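Visitor: Could you show me how to read enclosed space, burial and cysteine pairing in a model like this one?

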Amino acid sequence: MKFLLTNQSVENHTISALPYEGMSLKSVGLWNLLLEGSEILKTSKEFFSITDGYLKNFNKNLEDIHGQTESALESIKNNWPPSENITGSFSSVIIDKLNDEVVVCNDAIGIYPLYVLKDGKKIYISNSIILLGIVSAAEFDKAGVFQRCVGPEYSNIGSRTILKNCKRLLPGEYSKYDHKGRKIKSVFDNTLFQDIKPLESCKNIHLDYWRLFKKEIDYCLSGTRDVNIALSGGLDSRIVLGAIPDNKHIKCITYGDQENYETIIASRLASIKDADFQSFSNYELHFPPLNVLRSHVIANESVNLGSWLEVLENIKVDGREPLLLGDMTEVLNARNIKKYSSKKFREQNFLNYYLFKKKYHFTKSSEERFESWKESILIQHARWYNENRFSQFDFTINPEEIKEALYSDLDEVFERIRAHKLPFKELYDELFSWLSHSRIPMGKQILICNSKFKSYSPPMSLAVMRMASKIHPGLRLGGRLMDKMYSEIEELRKLRIPTSQAPLIPQNYPNLLKYPMWGIRSKIDNYLINQMVKKKKVSGRYRLFKSMNWAAIYQNPEMEDHLRSYFNNNHLGNVVFQNILNQAVARKELIQWPFANMDILNISSLNLEMDIIKKNSLI
């Protein structure tokens with residue numbers, strides 16, 4: 001549900017020009033508010049507020065649903081970072097009735113976007129870049145557009161957006177503005193990774209985590225009986241499933257053919273919890289018709305993985321029920337600690353670390369090591385910034401300005417990491433991944449579902465992430481924490497059926513059996529893929545167990561026509577489009593192994609965002 005708050009006058013013809021239904025204009029003190037659906041505006045004695053996601057106060061009774069949110073808003077309005085009793089996954093705008101000051105803030109990861117555009121004394125605050133672009137008539141930011149078209153994430157970095165003078169709130173940011181657009185205050189939440197427990201004192205920390213996580217789920221779902229869950233069959237989503245109280249009516253949903261191994265696993269998990277189960281499969285929606293892609297770009301600005309279109313285009317829902325998703329940070333298995341999580345490391349060190357449980361070694365952080373790590377990240381990103389890519393765009397690009405913007409934007413993220421004063425060098429990669437990869441491209445999985453659901457990720461909530469980041473990484477790595485949870489927690493012991501990664505071997509079986517099976521399955525899959533590419537035979541076997549068939553997805557006979565339609569009005573450049581088309585055809589013909597088309601969908605969605613803004617702009 002979109003909104004835009006501004007200190008500028010908004011004419012009625014502005015509303016009629018917007019590509020949304022049910023948009024209304026309200027006066028909120030001295031501010032003007034465009035609003036899609038009046039239910040998102042909450043009023044108390046002292047303030048108006050709009051929150052994406054959910055925000056709760058653990059000090060309020062579970063039954064006091066209104067009090068949980070209102071007291072949490074009152075608390076964060078005056079105190080930042082939030083106190084230990086405040087939780088949720090959220091972005092919030094709070095308008096003080098007394099002095100017409102506005103607070104904008106989001107949680108420590110920041111998956112729900114908030115944008116602030118300042119142009120002199122003009123200020124616009126919104127959760128929609130399209131709405132903000134139309135109303136403000138801002139010019140496009142070339143560096144922001146370029147970032148959306150290149151790897152490694154095909155996303156903006158730091159606070160940058162595709163609009164000039166427009167910033168997205170950084171993770172954990174709290175800023176206050178007066179009615180004249182002046183920034184009064186800006187502070188950050190740096191409470192992740194604080195007070196990391198020594199490894200020897202973590203004996204029962206998995207039980208402490210589970211108690212908190214169940215409490216989080218209880219508060220997240222307070223006031224609702226029906227709850228949906230995106231159930232992949234993996235370990236993180238089944239942790240969410242296990243924590244849902246038995247008195248809820250659970251509806252499990254997933255994407256993929258009913259005969260896929262992952263779908264079968266998810267179905268078995270649902271039956272254990274006596275939950276409803278639905279799976280959705282429509283390969284054509286990975287390259288959807290223009291009207292379908294355009295409608296989702298307008299609705300949520302978060303098209304990233306076509307698999308979610310398989311669900312959203314086919315599921316029937318009554319109202320916007322809660323939908324719970326798993327953890328996009330992979331904190332419990334520390335997958336983003338690169339030093340110990342690579343495939344090469346796992347293969348070479350299986351016996352020492354996975355079987356004999358050798359202790360992981362961590363390097364004490366220092367300023368010199370931090371600077372060296374920063375340089376490595378800059379190099380990884382800068383390799384995408386070359387003359388070949390600069391020359392693809394129709395608009396004039398100053399390479400030095402685009403590169404300088406990259407360094408400046410990465411430095412914003414680096415400074416957020418520096419402020420946490422991490423004790424170990426290895427944690428730099430993990431937090432960087434949370435504040436970039438988890439925050440935007442992975443977070444889009446949550447945002448795209450918001451068009452039909454109230455979409456939440458409790459594992460990424462403020463309280464849960466604070467506690468999870470306190471768990472020593474030496475316990476989280478190598479599945480050690482997960483193993484303890486699935487072997488000692490009764491609600492999870494019921495869900496110990498095999499995963500798709502290590503098929504046939506139940507989760508509670510020894511690593512001596514699980515991980516070799518994982519490796520065998522992986523090697524067989526790689527062999528089958530190589531044979532398919534070598535023989536250029538799409539109908540060949542591509543997995544040991546049936547799974548999503550990307551080779552078949554690229555055989556969509558309308559793929560090329562649909563791709564052309566996304567660029568009927570090309571705001572990026574013919575070379576940009578031609579490269580996308582050539583890549584899609586190469587994958588179709590198995591010249592390249594056809595990976596997920598997230599790169600193609602992201603660039604296509606960007607072009608449509610720009611087209612919608614340009615077509616509807618009032619200037």
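Guide: We shall take the cavity, then the cysteines, then one residue in a helix. This is a predicted model, in which local features need pLDDT of at least 70 and side-chain atom pairs count only at pLDDT 80 or more, while totals for chains, interfaces and linings use all residues. Residues are numbered from 1 along each chain as its sequence is written, and side-chain values use heavy atoms, with hydrogens and water left out.

Visitor: How many cavities of 30 Å³ or more does the structure hold?

Guide: Rolling a probe the size of a water molecule over the atoms shows where empty space is left. Here a cavity is a set of points, on a 1 Å grid over the protein atoms alone, where a 1.4 Å probe fits but cannot get out, and the structure holds one of 30 Å³ or more. The largest cavity is lined by 20 residues, with Glu153, Ser155, Asn156, Ile157 and His381 nearest its centre.

Visitor: Which helix gives the most to that lining?

Guide: H16 does, with six residues.

Visitor: How many disulfides are counted?

Guide: A disulfide is a pair of cysteine sulfur atoms within 2.5 Å, and by this rule the count is zero. For Cys105, the nearest cysteine sulfur, that of Cys166, is 17 Å away.

Visitor: Is Leu492 buried or exposed?

Guide: Leu492, in helix H21 (residues 490–493), has a relative accessible area of 0% and is therefore buried, a term that means under 20% (1.4 Å probe, protein chains only). Cys105, also at 0%, is buried, and so is Cys202, at 4%.

How values were computed. Helix = DSSP H or I, 4+ residues; strand = E, 2+ residues; numbered from the N terminus. Buried < 20%, exposed > 50% of the residue type's maximum accessible area, 1.4 Å probe, protein only. 1 Å grid on protein atoms, 1.4 Å probe; cavity = no way out; pocket = protein on both sides within 12 Å on 5 of 7 lines; lining within 4 Å. Points joined across faces, edges and corners; volume = space filled by probe spheres on them.
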